[in-house]
Amino acid sequence: MTETGTVFIPPERRARSGVFIPPLLVIPFIIYNVVALFTGMTPTVWSSQLFTIPMVSGIQWSLTSGDLMLVLGLACLFFEVLKSTNTGRSSVVEHMLSTLMFVVFLVEFLLIGYAASSVFFILMMMAIFDVVAGFTVSITSAGRDVTMN
């Protein structure tokens, strides 16, 4: 508050207007389901080895298709957190769609047999982290828009 008892509200910041981007975690979700449909709907497909690299320690390091799917999910989660810093009009819709994406992950994990795998569970956890991080970042950045002295 100033000496006159009024609240100072800083000039309106221009919201970054960007294109609407749907939740990016839909990419690993769709890939997981397409792979499940074409490979006989068993979660064991995610444990298949893609390649092996000999390490300096003498141990063989192998990358599975499930590991690769989780790396894709982490990359999508990273960009989702970056997207959540946008305070434009579409951010509320994007948060709602991220929440819906988590609900779809949860329902599929609980009800569909081929989704009962560690890979799908970790992707689902990425979806809930996206929801929580998105709301947290948005609330924190919105709190900085109004300043009271």
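Tutor: A residue counts as buried when its relative accessible area is under 20%. The model discussed here is predicted.

Student: What share of the 149 residues in the protein is buried?

Tutor: Buried residues make up 31% of them. The whole protein exposes about 9,600 Å², and carbon and sulfur atoms supply 73% of that area.

Student: Which order of helices and strands does the protein follow along the sequence?

Tutor: The pattern is α-β-β-α-α-α, from four helices and two strands.

Student: Why is Leu106 called partly exposed?

Tutor: Leu106, in helix H3, has 31% relative accessibility. Buried requires under 20% and exposed over 50%, so Leu106 counts as partly exposed.

Student: What makes Leu106 eligible for a nonpolar patch?

Tutor: Patch residues need over 30% relative accessible area, and Leu106 has 31%. Leu106 belongs to a nonpolar surface patch with Leu100, Val103, Val104, Val107, Leu110, Leu111 and Ile112. Together these residues have about 680 Å² of accessible area.

Student: How do you know that Glu94 has no salt bridge?

Tutor: The nearest side chain of opposite charge, Lys83, is 4.2 Å away. A salt bridge has to be within 4 Å, so the Glu94–Lys83 pair does not qualify. Glu94 lies in helix H3, residues 90–111, and is buried.

Student: Which residues does Glu94 touch, leaving aside those up to four places away in sequence?

Tutor: Glu94 touches Val19, Phe20, Ile21 and Lys83. Lys83 is thus a contact, as contact means heavy atoms within 4.5 Å, but not a salt-bridge partner.

Conventions
Residues numbered from 1 in each chain as written. Predicted model: local features only at pLDDT ≥ 70, side-chain atom pairs only at ≥ 80, totals over all residues. Heavy atoms only, no water. Buried < 20%, exposed > 50% of the residue type's maximum accessible area, 1.4 Å probe, protein only. Areas by Shrake-Rupley, 256 points an atom, 1.4 Å probe, with all protein chains shown as cover. Lys, Arg positive; Asp, Glu negative; His and termini not counted. Patch = residues over 30% accessible without salt bridge, like charges linked within 9 Å, V, L, I, M, F, W, Y side chains within 5 Å.
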